[in-house]
Amino acid sequence: MASIITLLYMGVCVYAWRITTADDNPIPKAENVHWTSLDFTTILTWTGKPFDHTYTVLYAMDDGNWIESPDCSQISESVCDLTDHLKPLDRIYQADIKTEPVVVASDYDMEEFPHTYSLEFNPYRESNISAVLFTLEDVDENTVIVNITDPVTSIHEHGKQLSIRDILKNDLKYKISYYKSGSTGKRDIVSDSSRAKIVGLDAGQSYCIMVAAFIPSRPKATQQGAWSTQLCTKGHWNILQDLSLGAWIGAVFILLIVLIILITVTVICCRCQRNKRLQKSQSSAPV
Ligand SMILES: *[C@@H]1O[C@H](CO)[C@@H](O)[C@H](O)[C@H]1NC(C)=O
Ligand SMILES: *[C@@H]1O[C@H](CO)[C@@H](O)[C@H](O)[C@H]1NC(C)=O
């Protein structure tokens, strides 16, 4: 009898424990779901590090069927690279992140696991574009050519790594911003191609130039890529005009030091010579 009571008592305890733990540890949902996309490499991130749970990422195109991402099935990380699955690029995608226990009890209903939807994302219109590299070629004293290298993406097609030009084609323009060295007035031009000519520059002047990808067909917020670092043309070497006050002071200072060293060396040498002559005349003198 006593053992039956004990057993009942234990049963109640275990039941109570299950209820309290279930309440304390609800299956954690993925939170702060966020798309990050640079040069068409698109990654989904979220927060939450559930102990003994995994995540599975599903995605859908244009409100179509949910497809499970093969690379992000029952993962414990909270990041999923969907670049290879979001094709074609110019479509609206949504992701859904499911949380599942590592060990699935047979009486669990899979539909009951919590899940979190992402916002909708269109890689073609919303992927950020990185800063570009470019070179300058002087044509004549009024003209310079800006030669821009289109950033490459991580997308491959027929064994070829695509550049952003391969993807955006004629939608890709470049914004070129330039100003005369030492002045504040900036001028912008937009170029359709990756090689642009800047004309009408003042002869002999140095100009500084920056470039950014520009996609006018996109919504305002995502039209412009990151600005490049700036490059400057040399202009003509005009010492009087181009040297700053600091450079002048520096030059005078260096000249002064050289002069002081010269004088010191000359003085020391003369003394040496005189001493030697003195010693010679003393030693040759009759005792
Ligand atoms: C694009 O860059 C901006 C500014 O750095 C950032 O706020 C935004 O989240 C980025 N968008 C994507 C899709 O990566
Ligand atoms: C433009 O620059 C790229 C390297 O960035 C170079 O391969 C290409 O030859 C240049 N184009 C011309 C016409 O010089």
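Reader: Numbering the bonded cysteines of the protein in sequence order, what is the pairing?

Author: The pairing is 1-2, 3-4. The model is predicted, so local features need pLDDT of at least 70 and side-chain atom pairs count only at pLDDT 80 or more, while totals for chains, interfaces and linings use all residues. Residues are numbered from 1 along each chain as its sequence is written, chains are lettered from A and ligands numbered from 1 in the order in which they are written, and side-chain values use heavy atoms, with hydrogens and water left out.

Reader: What makes the link of Cys-72 and Cys-80 a disulfide?

Author: A disulfide is a pair of cysteine sulfur atoms within 2.5 Å. The S to S distance of Cys-72 and Cys-80 is 2.0 Å, and therefore the pair meets the cut-off. The structure holds two disulfides.

Reader: Why is the disulfide of Cys-72 and Cys-80 called right-handed?

Author: The torsion about its S-S bond is about 95°, and so the disulfide is right-handed.

Reader: How do you know whether Cys-72 and Cys-80 are buried or exposed?

Author: Buried means under 20% relative accessible area, exposed over 50%, and partly exposed in between, with a 1.4 Å probe and protein chains only. Cys-72 has 3% and is therefore buried. Cys-80, at 1%, also counts as buried.

Reader: What makes Cys-208 and Cys-232 a disulfide, and which parts of the chain does the pair link?

Author: The S to S distance of Cys-208 and Cys-232 is 2.0 Å, with 100° about the S-S bond, and the link is right-handed. The pair links distant parts of the chain, 24 residues apart: Cys-208 is in strand E15 (residues 207-214) and Cys-232 in strand E16 (residues 231-232). Strands (E, at least two residues) and helices (H or I, at least four) are DSSP runs, numbered from the N terminus.

Reader: Why is Cys-208 called buried and Cys-232 partly exposed?

Author: Cys-208 has a relative accessible area of 3%, so it is buried. Cys-232 has 40%, so it is partly exposed.

Reader: How do you know that Cys-270 is in no disulfide?

Author: Start with Cys-269, which is partly exposed at a relative accessible area of 43%. Its sulfur is the nearest cysteine sulfur to that of Cys-270, and it is 7.0 Å away, so Cys-270 is in no disulfide. Cys-270 itself is partly exposed, at 48%.

Reader: Which residues surround ligand 2?

Author: They are Glu-137, Asn-147, Thr-149 and Arg-195. A residue is near a molecule or strand if one of its heavy atoms lies within 4 Å of it.

Reader: What makes the approach of Asn-147 to ligand 2 a polar contact?

Author: A polar contact is a pair of N or O atoms within 3.5 Å; within protein, one must be able to donate a hydrogen and the other to accept it, and residues adjacent in sequence count only if both atoms are side-chain atoms. A polar side-chain atom of Asn-147 lies 2.3 Å from an oxygen atom of ligand 2, which therefore satisfies the distance. Polar side-chain atoms of Thr-149 and Glu-137 lie 3.0 Å and 3.3 Å from an oxygen atom of ligand 2. The protein covers 37% of the 360 Å² of accessible area that ligand 2 has on its own; such areas come from the Shrake-Rupley method with a 1.4 Å probe, and for residues only the protein chains shown count as cover.

Reader: Which residues are around ligand 1, and which strand gives the most?

Author: The residues are His-34, Trp-35, Thr-36, Ser-37, Phe-121, Glu-126 and Asn-128. Strand E1 (residues 31-38) gives the most, with four residues. A backbone N or O atom of Ser-37 lies 2.8 Å from an oxygen atom of ligand 1, and an N or O atom in the side chain of Asn-128 is 2.2 Å from an oxygen atom of this ligand. Taken alone, ligand 1 exposes 360 Å², and the protein buries 46% of that.

Reader: Why does the contact of His-53 and Asp-52 count, and is His-53 buried or exposed?

Author: Residues adjacent in sequence count only if both atoms are side-chain atoms, and the 3.0 Å contact joins the side chains of His-53 and Asp-52, so it counts. His-53 is in strand E3 (residues 53-61). With a relative accessible area of 13%, His-53 is buried.
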